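Here's a quick tour of a protein made of more than one part. Have a look at the model first, then let's walk through how the parts meet.

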Amino acid sequence: MNYELLLKQNNLKITPQRLGILQLMHEAGHISIEELFASIKKQFSSISLATLYKNINAMLETSLIKEVKAPEVKARYEISKTPHAHLVCHVCGEFKDIHFDVVHVAHTIADTSGYTINDTSLIVSGTCPKCQ
Ligand SMILES: [Zn+2]
Ligand SMILES: [Zn+2]
C-alpha cells in the first residue's frame, strides 16, 4: 500500500508520523487509539496523544480512515476500503471484516423507506472461538 499516495489523494500533508500511523493501521487491520499510541510511541517517542488525535481527526475528515464503533468495546480505526460489515468479539474486542454487500442493503432500505442514506454500518457481535 502506498501511504504517501493515499495522503496526497486526500490533500493531506505527508509527514513521517502520518505515514507511521497508516502503516500501523494497515498492519493491524483495525486498531484502537490506545494500541496505536503505544505503537507509534516506539517510532516517534516525542509524539503526544493530542498530536495523534489531531492526525487521526484530519484523516477522518477526508474519509481516508474510518472509525468503527461497536457496543461494549473500544472504537477502532481502519483505512477506508470498500464498504463491509464487521464481526466483533465482545470479550477480547477483536474486529473482523465480513464481506457482505452493505451497499445493496442500503439501497433496498432507501427504496422502501424514501430515505437518502448517508452512511451504513453493520456490526455483528458475539464471542470469538478463542474466547468461548
Ligand atoms: Zn474474543
Ligand atoms: Zn473493517
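## Where the two domains meet

In this predicted model, domain 1 and domain 2 bury about 820 Å² between them, and 62% of that area is on carbon and sulfur atoms. Why quote an area at all? The size of an interface is often given as the accessible area lost when the parts come together.

Who takes part? Ten residues of domain 1 touch eleven residues of domain 2. As for where the domains sit along the chain, domain 1 covers 1-80 and domain 2 covers 82-132. Their C-alpha centres are 21 Å apart.

## What links them

Which side chains form the salt bridge? Asp119 and Lys66 do, at 3.7 Å from N to O. The rule finds one salt bridge across this interface, along with five residue pairs in polar contact.

Now look at domain 1's side of the meeting place. Strands β1 (65-70) and β2 (73-79) each give at least two residues to it. Sort the residues on that side by type and you get six charged, three nonpolar and one polar.

## The whole chain

Zooming out, you can count five helices and five strands. Starting from the N terminus, they come in the order α-α-α-α-β-β-β-β-α-β.

The C-alpha atoms fit a box of roughly 50 × 40 × 25 Å along the principal axes. Of the chain's 132 residues, 34% are buried. And if you take the contacts with a separation of 6 or more, 43% of them join residues 24 or more positions apart.

Note on methods: Residues are numbered from 1 along each chain as its sequence is written. Chains are lettered from A and ligands numbered from 1 in the order in which they are written. This is a predicted model: local features need pLDDT of at least 70, side-chain atom pairs count only at pLDDT 80 or more; totals for chains, interfaces and linings use all residues. Side-chain values use heavy atoms; hydrogens and water are left out. Domain bounds come from an automatic or database domain assignment. Contact means heavy atoms within 4.5 Å. Buried area is the accessible area (1.4 Å probe) that two parts lose on being put together, summed over both. A salt bridge is a side-chain nitrogen of Lys or Arg within 4 Å of a carboxyl oxygen of Asp or Glu. A polar contact is a pair of N or O atoms within 3.5 Å; within protein, one must be able to donate a hydrogen and the other to accept it, and residues adjacent in sequence count only if both atoms are side-chain atoms. Helices (H or I, at least four residues) and strands (E, at least two) are DSSP runs, numbered from the N terminus. Ala, Val, Leu, Ile, Met, Phe, Trp, Tyr, Cys and Pro count as nonpolar, Asp, Glu, Lys and Arg as charged, and the others, Gly among them, as polar. Buried means under 20% relative accessible area, exposed over 50%, partly exposed in between (1.4 Å probe, protein chains only).
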